[in-house]
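Visitor: I would like to learn how features such as burial, helix packing and backbone angles are read from a model. Could you take me through some of them one by one?

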Amino acid sequence: PHHRFLHRFLRLMGPFHDKGLEVIRRLGHGPPALRQRLFHALMEGCMEGSDSSRRAFEVRTALCESGLEPNSDTHFALVKAIAGLASVELAQAERVKLQAVSVLPQHPAFEPLLNECYMMI
């Protein structure tokens, strides 16, 4: 399948991330960098719908289980998904929780970035 199509398709599959993971398993073959971008697209799509952080975390877990290592793009996709939570307070609490368990690095830009996302609404 055409990887550009898969990338666009997976961005829409966030609310149905389990089906998106199945698509990646079946069709997401190729070099590691390409496969990783597919996981990132699905993580970013998780910001749509409810419980975005949990769904994005499950996609991140699947990325790691597939033998890929999280990188800065993984962290940015996860922050985008956190920005899909209902309020800035929930998003910041989720950021702190994910940083406490070392899923997100302790980067000083994440807090103001999330604040900016909610100021644009």
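Visitor: Is Cys46 buried or exposed?

Guide: This is a predicted model, and burial in it is judged by relative accessible area, with anything under 20% counted as buried. Cys46 has 0% relative accessibility and therefore counts as buried, although its place is in the loop between α3 and α4.

Visitor: Which residues is Cys46 in contact with, leaving aside its neighbours within four places in sequence?

Guide: Cys46 is in contact with Gly14, His17, Ser52, Arg55, Ala56, Val59 and Ala81. As for Val103, which is 57 residues from Cys46 in sequence, the two C-alpha atoms are 17 Å apart in space.

Visitor: How many degrees is the angle at which helix α4 and helix α5 pack?

Guide: Helix α4, residues 52-65, and helix α5, residues 72-82, pack at an angle of about 160°, and their axes are 8 Å apart. Angles over 145 degrees count as roughly antiparallel, and α4 and α5 are therefore roughly antiparallel to each other. Their crossing is right-handed.

Visitor: Which residues in α4 and α5 meet?

Guide: From α4 come Ser52, Ser53, Ala56, Phe57, Arg60 and Leu63, and these meet Thr74, Leu78, Ala81 and Ile82 in α5. By character, the residues of this contact of α4 with α5 divide into six nonpolar, three polar and one charged.

Visitor: Two of the names in that list are polar side chains, and I would like to look at them in turn. Where is Thr74 found, and what is its relative accessibility?

Guide: Thr74 is found in helix α5, and because its relative accessibility is 1%, Thr74 counts as buried. A polar contact of 2.7 Å joins its side chain to that of His40. When neighbours within four places in sequence are left aside, Thr74 is in contact with Gln36, His40, Met43, Arg60 and Leu63.

Visitor: And what does Ser53 touch, not counting residues up to four places away in sequence?

Guide: Ser53, which lies in helix α4, touches Ile82, Leu85, Glu94 and Leu98. With a relative accessible area of 4%, Ser53 is buried.

Visitor: At what angle do the axes of helix α2 and helix α3 cross?

Guide: The axes of helix α2, residues 17-27, and helix α3, residues 32-45, cross at roughly 170° and come within 10 Å. The reasoning used for the earlier pair applies again, and α2 and α3 are therefore roughly antiparallel to each other. In this pairing His17, Gly20, Leu21 and Ile24 in α2 meet Leu38, Phe39 and Leu42 in α3. The residues of this contact of α2 with α3 divide into five nonpolar, two polar and no charged.

Visitor: Turning to the backbone, which residue in the loop between α3 and α4 has a positive phi although it is not a glycine?

Guide: That description fits Asp51, which lies in the loop between α3 and α4 and has a positive phi of about 55° without being a glycine. Asp51 is partly exposed, its relative accessible area being 39%.

Visitor: Where is Ser102 found, and what is its phi?

Guide: Ser102 is found in the loop between α6 (88-100) and α7 (110-119), and has a positive phi of about 65° although it is not a glycine. With a relative accessible area of 62%, Ser102 is exposed, since exposed means over 50%.

Note on methods
Residues numbered from 1 in each chain as written. Predicted model: local features only at pLDDT ≥ 70, side-chain atom pairs only at ≥ 80, totals over all residues. Heavy atoms only, no water. Axes fitted to C-alpha atoms, helices over the stretch in contact; angles between N-to-C directions. Helix = DSSP H or I, 4+ residues; strand = E, 2+ residues; numbered from the N terminus. Parallel < 35°, antiparallel > 145°, perpendicular 65-115°, else oblique. Left-handed = near helix turned anticlockwise from the far one by under 90°. Contact = heavy atoms within 4.5 Å. Nonpolar A, V, L, I, M, F, W, Y, C, P; charged D, E, K, R; others polar. Buried < 20%, exposed > 50% of the residue type's maximum accessible area, 1.4 Å probe, protein only. Polar contact = N/O pair within 3.5 Å; in protein donor to acceptor, adjacent residues only side chain to side chain.
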